Amino acid sequence: MNATAAVAAAVVPAAGRGERLGPGAPKALRELGGVPLLVHAVRALARSRAVGLVVVAAPPGGEAEVAALLDSHGLDGKDVRVVAGGATRQESVRLGLAAIPAGTEIVLVHDAARPLVPVDVVDAVAAAVRAGAEAVVPAVPLADTVKRVASATTPGGPEPVLDTPERATLRAVQTPQGFRRDTLHEVHQKALAEEADGALPPVTDDAGLVERYGGQVVVVPGHEEAFKVTRPLDLVLAEAVLARRRASDGF
């Protein structure tokens with residue numbers, strides 16, 4: 001892999017509404033410490049020497065607004081481009097991937113709702129792809145026991161427990177996830193064909209698509225601060241983490 005190809009491009013799907021955070025602006029534009037989550041997420045990627053380009057998939061029709069927002073905050077001189085996203089996360093990733101120049105062989109996909117991912121995690125994911133992995137996810141061990149359950153027999157009723165998976169074999173997956181560009185492109189094209197046939201069960205991340213089509217996904221250590229801001233309580237926790245960072249190192 002030559003030096004140019006070894007520099008990663010990152011796609012940030014940011015077209016979703018994020019209803020679980022409550023009514024208002026799209027989740028990616030909600031503020032954390034006075035700065036939108038999206039800006040924090042893009043900054044986290046831009047701090048990595050492994051990343052040369054960040055492509056943001058914005059709400060359709062909101063590209064100019066998102067581009068102006070990113071420009072107003074400054075992003076360490078990195079190349080940041082904004083494209084129209086799609087109706088689903090999967091479509092937004094596919095559209096972002098299409099905007100990456102030819103010759104880029106490593107692609108990271110990062111949730112805009114993970115604003116506090118440390119740069120070491122970004123670097124580790126890109127390095128694992130550079131070393132030969134076709135798909136890489138950062139992940140952390142689970143602290144809680146997990147139960148597999150069946151659907152309740154009545155709406156809102158108790159859910160029967162089916163079994164208790166061995167916690168030592170489970171991981172909570174984070175982003176950015178890293179891929180060989182050709183691998184990510186291939187699985188998205190296969191998924192698009194299945195969508196047209198109405199035969200596509202949902203997946204919640206891009207690594208899930210690689211698994212579906214027989215690819216190998218490997219795990220590198222994630223970080224407890226790379227959590228996803230999904231509910232109001234997550235935003236409270238993120239504010240606390242950000243305040244601690246700013247107090248300790250001027251983040």
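Contact means heavy atoms within 4.5 Å. These legends describe a predicted model, in which local features need pLDDT of at least 70, side-chain atom pairs count only at pLDDT 80 or more, and totals for chains, interfaces and linings use all residues. Residues are numbered from 1 along each chain as its sequence is written, and side-chain values use heavy atoms, leaving out hydrogens and water.

**View 1. Thr183 and its contacts.** Thr183 lies in helix 5, residues 181-197. Helices (H or I, at least four residues) and strands (E, at least two) are DSSP runs, numbered from the N terminus. Which residues does Thr183 touch, not counting residues up to four places away in sequence? They are Glu134 and Val210. Thr183 has a relative accessible area of 11%. It is therefore buried, a term for under 20% (exposed is over 50%, partly exposed in between; 1.4 Å probe, protein chains only).

**View 2. The largest nonpolar core.** Such a core is a set of buried Ala, Val, Leu, Ile, Met, Phe, Trp, Tyr and Cys residues joined through side-chain atoms within 4.5 Å. This one has 34 residues. Leu38, Val54, Val56, Leu70 and Leu108 touch the most other members. Among the elements that each supply at least two residues are strand 1 (8-13), helix 1 (37-46) and helix 4 (119-130). Helix 4 gives the largest share, six residues.

**View 3. Around Val56.** Beyond four places away in sequence, Val56 touches residues including Val12, Leu38, Leu70 and Val82.

**View 4. A cis peptide bond.** The bond from Thr175 to Pro176 is cis, with omega near 10°. Pro176 sits in the loop between strand 10 (171-173) and strand 11 (177-180).
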